[in-house]
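I opened a new model today and kept a running notebook while looking around. Here are my entries, for anyone who wants to follow along.

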Amino acid sequence: MKKIIEVQNLVKRYGNFEAVKGISFDVNEGEIFGLLGPNGAGKSTTLEIIETLRQKTSGKIVVDGFDLDKQPDEIKKIIGVQLQTSGYYPGLNLTELIKLFGGLYNEKVDVTGFLQMVNLTDKAKAKYKELSGGQKQRFSIATTLINQPKIIFLDEPTTGLDPQARRNLWELIRGIREKGTTVIITTHYMDEAEVLCDRVAVIDSGKIIAIDSPDKMVDDLVASGFERKKEVKAATLEDVFINLTGKSLREE
Ligand code: ADP
């Protein structure tokens with residue numbers, strides 16, 4: 001298995017505060033890799049350093065063979081990053097935005113195919129701010145693909161979405177991976193990590209405290225003698241909700 005990202009002893013200090021305390025991990029090509037942890041754990045900091053958007057204090061990072069210190073521009077060419085909301089010029093509609101981003105990357109983009117992929121064909125003339133939460137996230141994930149990157153970075157892509165929209169995004173993310181793109185995602189939803197990620201790193205107070213597949217982590221916990229206090233039911237309240245309200249998207 002090829003390692004597409006290698007992080008060694010990454011440290012990030014903000015003044016005297018050490019937000020990332022010497023973490024190391026690898027991401028394999030073609031996997032969905034999750035960074036899990038509570039708010040303030042250091043997930044976004046780590047992600048933005050790998051994305052070349054933030055300076056690290058120390059450590060070594062190699063992305064697809066390129067050293068972050070020596071060839072950051074090569075790294076920028078092969079990664080896709082979600083824009084902050086403020087990047088979506090309010091006067092432009094989705095079609096115009098896609099063309100604009102394509103122009104920035106010097107890529108000719110098939111706008112129709114692009115909107116089809118994320119199920120937004122009927123929103124071609126809508127402005128970003130007119131989209132529902134789920135549609136905004138779909139569009140924003142799609143824009144990470146414009147430069148045909150090898151790796152995309154998704155920072156809490158489903159936060160604030162309803163269960164239907166979250167499931168819909170999971171499908172989209174899986175589809176992107178199936179086409180060969182490596183995905184790094186941060187989340188604090190454990191159910192999301194469990195269904196989506198091939199491997200996860202659990203990060204807390206700037207340190208990685210576990211790294212493995214979700215399945216293996218659960219097996220290890222059970223093997224250590226852990227038992228759930230309540231009897232586990234065969235369904236969750238979320239299953240009930242989805243069963244009652246259906247899987248279809250409610251955006252219109
Ligand atoms: P997460 O994404 O896991 O919520 P962050 O990487 O955003 O965590 O933040 C990690 C820690 O670093 C937090 O305590 C946060 O307050 C702090 N931090 C993040 N960015 C800055 C900054 N620009 N200046 C000072 N402290 C920061």
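These notes go from the ligand to the sheet, then to one loop residue and a hairpin.

**Entry 1: the ligand shell.** I kept in mind that this is a predicted model. I began by listing the residues around the ligand: Tyr14, Phe17, Ala19, Pro38, Asn39, Gly40, Ala41, Gly42, Lys43, Ser44, Thr45 and Arg54. Sorted by class, the shell has five nonpolar, five polar and two charged residues. Which element gives the largest share of the shell? I found that helix 1 does, with three residues. Helix 1 covers 43–50, and strand 2, at 17–28, also supplies at least two shell residues.

**Entry 2: polar contacts to the ligand.** Next I looked up distances. A side-chain N or O atom of Thr45 sits 2.5 Å from an oxygen atom of the ligand. For Gly42 the backbone takes part, with an N or O atom 2.9 Å from a ligand oxygen. At Arg54, I noted 3.3 Å between a side-chain N or O atom and a nitrogen atom of the ligand. I then checked the cover: the protein hides 60% of the 560 Å² of accessible area that the ligand has on its own.

**Entry 3: the sheet with strand 2.** Since strand 2 had turned up in the shell, I followed it into its sheet. Four strands make an open sheet in the order 2-1-4-5, with antiparallel pairing. Strand 2 and strand 5 (66–67) are at the edges with a single partner strand each, so each has one side without a neighbour in the sheet. Strand 1, residues 3–14, pairs with strand 2 over nine bridges. As one example, I picked Val7, whose bridge partner in strand 2 is Phe25.

**Entry 4: Glu31.** I stopped at Glu31, in the loop between strand 2 and strand 3 (32–36). Is Glu31 buried or exposed? Glu31 counts as buried because its relative accessibility is 7%, and the cut-off for buried is under 20%. What does its side chain reach at 2.8 Å? I found the backbone nitrogen of Asn28 there. Leaving out residues up to four places away in sequence, Glu31 touches Asp26, Arg177, Thr182, Val183, Asp198 and Arg199.

**Entry 5: the hairpin.** Arg199 led me on to strand 9, residues 199–204, which runs antiparallel to strand 10, residues 207–212, with five bridges joining them. I noted Ile208 in strand 10 as the bridge partner of Ile203. The two strands form a hairpin with two residues between them. In the turn, Ser205 has a positive phi of about 45 degrees.

Technical notes
Residues are numbered from 1 along each chain as its sequence is written. This is a predicted model: local features need pLDDT of at least 70, side-chain atom pairs count only at pLDDT 80 or more; totals for chains, interfaces and linings use all residues. Side-chain values use heavy atoms; hydrogens and water are left out. A residue is near a molecule or strand if one of its heavy atoms lies within 4 Å of it. A polar contact is a pair of N or O atoms within 3.5 Å; within protein, one must be able to donate a hydrogen and the other to accept it, and residues adjacent in sequence count only if both atoms are side-chain atoms. Accessible areas come from the Shrake-Rupley method with a 1.4 Å probe; for residues, only the protein chains shown count as cover. Ala, Val, Leu, Ile, Met, Phe, Trp, Tyr, Cys and Pro count as nonpolar, Asp, Glu, Lys and Arg as charged, and the others, Gly among them, as polar. Two strands pair if DSSP finds at least two bridges between them. Buried means under 20% relative accessible area, exposed over 50%, partly exposed in between (1.4 Å probe, protein chains only). Contact means heavy atoms within 4.5 Å.
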